[in-house]
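Q: Can we go through this model together? I would like to start with the backbone and work inward.

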Amino acid sequence: MTTAAHTYASDVAFTPAVKEIQARKGSREAYGRVEQRGWRTEVDENLEAFLTEANSFYFATASADGQPYIQHRGGPKGFLKILDKQTLAFADYAGNQQFITQGNLSENPKAYIFVMDYAHRRRVKIWGEARAVEDDEALTTSLMPKGYRARPEQVILFKIAAWDTNCPQHIPQKFDAGDVAAALAARDARIAELEAEVAALKREKAVG
């Protein structure tokens, strides 16, 4: 995989055309300070904790002529694995057999991961390059979540070029159905416990 040389990590997104528009619309000075501060290029403790809890993300690729394609990927929490400070990986499950993502990566390795946490209104953007690995059984097995009912077709390796976070503005707050069910079950168990305590107090009072 090849990556064009950048002066700043954020140049992966802030191209000359983008910077020109930022200058015209008044945000270039602020983003110039962002460049000096620097976007992150390696996994740190915050990103690791965020990805460990993620059970869903969007994966973007583009064809050789630039036609974009976005695909959703989901699985148990933590199915997007961290192999090292700059490498992410996941088992790519068999799907509709269109192979658009794999076809795109075969001619254009540039890729993008967008992870949403609707419950806490957080999002992470990760730029990089990716490739499909089809014939590494050991790697595929190591990335496959235990007990998860899906057939892994290949592995996607993603090399991080830069990552950044977004503000929570305009993110609708949504909750995972499993988390809601667990919270309701805990609430119901507590209600039952309190009702049992009330019933026991009433019996003691009646006896007394």
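Backbone, strands and cores

A: Phe99 is found in the loop between E4 and helix H4 (100–107). Bear in mind that this is a predicted model.

Q: What is the phi of Phe99?
A: Phi of Phe99 is near 60°, which is a positive value in a residue other than glycine.

Q: Is Phe99 buried or exposed?
A: Phe99 falls in between: it is partly exposed, with a relative accessible area of 40%.

Q: And Arg121, where does that one lie?
A: Arg121 lies in the loop between E5 and E6. Arg121 also has a positive phi, about 55°, although it is not a glycine. Its relative accessibility is 31%, so Arg121 counts as partly exposed.

Q: On to the strands. How many bridges join E6 to E7?
A: Strand E6 (residues 122–133) and E7 are joined by 10 bridges, and the two run antiparallel. Within that pairing, Lys125 stands opposite Asp164 in E7.

Q: What about E4 and E7, how do they run?
A: Strand E4 (residues 87–93) runs antiparallel to strand E7 (residues 152–165), with 7 bridges between them. Phe90 has Ile156 in E7 as its bridge partner.

Q: Now the interior. Which residues have the most contacts inside the largest nonpolar core?
A: They are Phe57, Phe59, Leu88, Ile113, Ile126 and Phe158, in a core of 31 residues. At least two residues of this core come from each of helix H3 (45–52), strand E1 (56–62), E4, strand E5 (110–117), E6, H5 and E7.

Q: Which element gives the most to this core?
A: E7 does, with 6 residues.

Q: Why would such side chains end up together?
A: In soluble globular proteins, nonpolar side chains tend to be buried together.

Q: Back to Phe57. What does Phe57 touch?
A: Leaving out residues up to four places away in sequence, Phe57 touches Gln71, His72, Arg73, Phe79, Leu80, Phe90, Ile113, Phe114 and Val115. Apart from the core of 31 residues, there is a second, separate core of 8 residues, which includes Trp39, Ala60, Trp127 and Ala162.

Q: Ala13 next. Where is Ala13 found?
A: Ala13 is in the segment before helix H1 (16–25). With residues up to four places away in sequence not counted, Ala13 touches Val18, Trp39 and Trp127. Trp39 and Trp127 are among the residues of the second core.

Q: How far apart are the C-alpha atoms of Ala13 and Ala162?
A: They are separated by 9.0 Å, while the two residues are 149 residues apart along the chain.

Q: Change of topic: Glu137. Is Glu137 buried or exposed?
A: Glu137 is exposed, with a relative accessible area of 66%. Glu137 lies in helix H5 (residues 137–143). Its C-alpha atom is separated by 8.8 Å from that of Gln154, 17 residues apart along the chain.

Q: Last one, the surface. Which residues form a nonpolar patch there?
A: Phe175, Val180 and Leu184 do, with about 270 Å² of accessible area together.

Q: Which helix is Leu184 found in, and how accessible is Leu184?
A: Leu184 is found in helix H6 (residues 177–207). Its relative accessibility is 38%, so Leu184 counts as partly exposed.

Note on methods. Residues numbered from 1 in each chain as written. Predicted model: local features only at pLDDT ≥ 70, side-chain atom pairs only at ≥ 80, totals over all residues. Heavy atoms only, no water. Patch = residues over 30% accessible without salt bridge, like charges linked within 9 Å, V, L, I, M, F, W, Y side chains within 5 Å. Areas by Shrake-Rupley, 256 points an atom, 1.4 Å probe, with all protein chains shown as cover. Salt bridge = Lys/Arg side-chain N within 4 Å of Asp/Glu carboxyl O. Helix = DSSP H or I, 4+ residues; strand = E, 2+ residues; numbered from the N terminus. Buried < 20%, exposed > 50% of the residue type's maximum accessible area, 1.4 Å probe, protein only. Pairing = 2+ DSSP bridges. Core = buried A, V, L, I, M, F, W, Y, C linked by side-chain atoms within 4.5 Å. Contact = heavy atoms within 4.5 Å.
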